[in-house]
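The following exercises concern salt bridges, helix geometry and nonpolar packing. Each task is followed by a solution in steps.

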Amino acid sequence: MNRVWAMFRSYPYITNVVGYTTLFATADLIQQSMLEGTHGQSTQLSVDISEQEASAPSRQEGAVAHLKDSEWSKHPAEEKDQSVTVTNAPMHSVDWGQMFRVALVGLCFHSNFNYHWLRALEKRFPGGGAKRIFVKVFLDQLVAAPVTISAFYIGLSTLEGRDDPLEDWKNKFWTSYKTGVVYWSIMQAVNFSLVPPIARTVFVGGISLGWTVFLCHFRQQKNESHSSCST
């Protein structure tokens, strides 16, 4: 722990930027796993429904079909075996391209912006105290929050080569911003009151782990629902 703290003191910029970017990219890996888990549950549900429909007796089969259903209910092990076969599907492969784009946005903009922004806030309003912490949190939500959210959506859409890089931003900015005001106001109050200035950027990176999971998941879900509606 002492060595880590010494690294922060000796190389504050490098350690904060690298730490932030690593956490930022990790968030996308987490959301990919979460999204795949949701898809897996949906697939399992669809398979179960299909099996139930296939095993339901038709009116034309009469008593023979009813007897088959009775025999099926006496052997639940067969149903379990089929369920195991479905759940043992191949593991989800990581979309490294998407993770790289998220990491690039985090490295080129978010980590650098947060590092210089937090230093500027501390220089202008040094120290703690309820009043100074309130001012720093207020300015952070007024200035930094909309800038970083906008950079996230526009930056990723640009790297993906979207025809309209502002589409995600126009559709999702306000929902993201309103959610972030509650989350970040609390987290930044902790940051400004308890964390030394030299480590605040990487602390924000740690907080951003959960926040970026939300943004990536929210962005991916909406994109998929839009594409499914257009097909």
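**Exercise 1.** Are Lys-136 and Glu-122 buried or exposed? Determine also how Glu-122 is paired with Lys-136 and with Arg-200.

*Solution.* The model is a predicted one.

Step 1. The cut-off for a buried residue is a relative accessible area under 20%. Lys-136 and Glu-122 are both buried, and Arg-200 is buried as well.

Step 2. A salt bridge joins the side chains of Lys-136 and Glu-122, with an N to O distance of 2.9 Å. This pair links distant parts of the chain, 14 residues apart: Lys-136 belongs to helix H6 (residues 130-159) and Glu-122 to helix H5 (residues 96-124).

Step 3. Glu-122 also forms a salt bridge with Arg-200, whose closest N and O atoms are 2.4 Å apart. Arg-200 is in helix H8 (residues 200-230) and Glu-122 in helix H5, so this pair ties together parts that are 78 residues apart in sequence.

**Exercise 2.** Describe the salt bridge between Arg-162 and Glu-160, and place these residues in their network.

*Solution.* Step 1. The structure holds eight salt bridges. In the one between Arg-162 and Glu-160, the N to O distance is 3.1 Å.

Step 2. The relative accessible area of Arg-162 is 25%, so Arg-162 is partly exposed. For Glu-160 the value is 30%, and therefore Glu-160 is partly exposed.

Step 3. A network of salt bridges links Glu-160 and Arg-162 with Asp-168, Lys-172 and Arg-219.

**Exercise 3.** Compare the expected span of H6 with the distance between its end C-alpha atoms, and locate its bend.

*Solution.* Step 1. H6 has 30 residues; at 1.5 Å a residue, they should span 44 Å. The expected span is 1.5 Å times one less than the number of residues.

Step 2. The end C-alpha atoms of H6 are 41 Å apart, which agrees with the expected span.

Step 3. At Gln-141, H6 bends by about 35 degrees. Just after this helix, Gly-161 takes a positive phi of about 75 degrees.

**Exercise 4.** Which residues of the largest nonpolar core touch the most other members, and which element gives the largest share?

*Solution.* Step 1. The core has 27 residues, of which Trp-117, Ile-149, Phe-152, Tyr-153 and Phe-192 touch the most other members.

Step 2. Two or more residues come from each of helix H2 (12-55), H5, H6, helix H7 (167-194) and H8. H6 gives the largest share, eight residues.

Step 3. Beyond its neighbours within four places in sequence, Ile-149 is in contact with Phe-173, Ser-176, Tyr-177 and Trp-211.

Methods:
Residues numbered from 1 in each chain as written. Predicted model: local features only at pLDDT ≥ 70, side-chain atom pairs only at ≥ 80, totals over all residues. Heavy atoms only, no water. Salt bridge = Lys/Arg side-chain N within 4 Å of Asp/Glu carboxyl O. Helix = DSSP H or I, 4+ residues; strand = E, 2+ residues; numbered from the N terminus. Buried < 20%, exposed > 50% of the residue type's maximum accessible area, 1.4 Å probe, protein only. Bend = angle between axes of the 7 residues up to and from the residue. Core = buried A, V, L, I, M, F, W, Y, C linked by side-chain atoms within 4.5 Å. Contact = heavy atoms within 4.5 Å.
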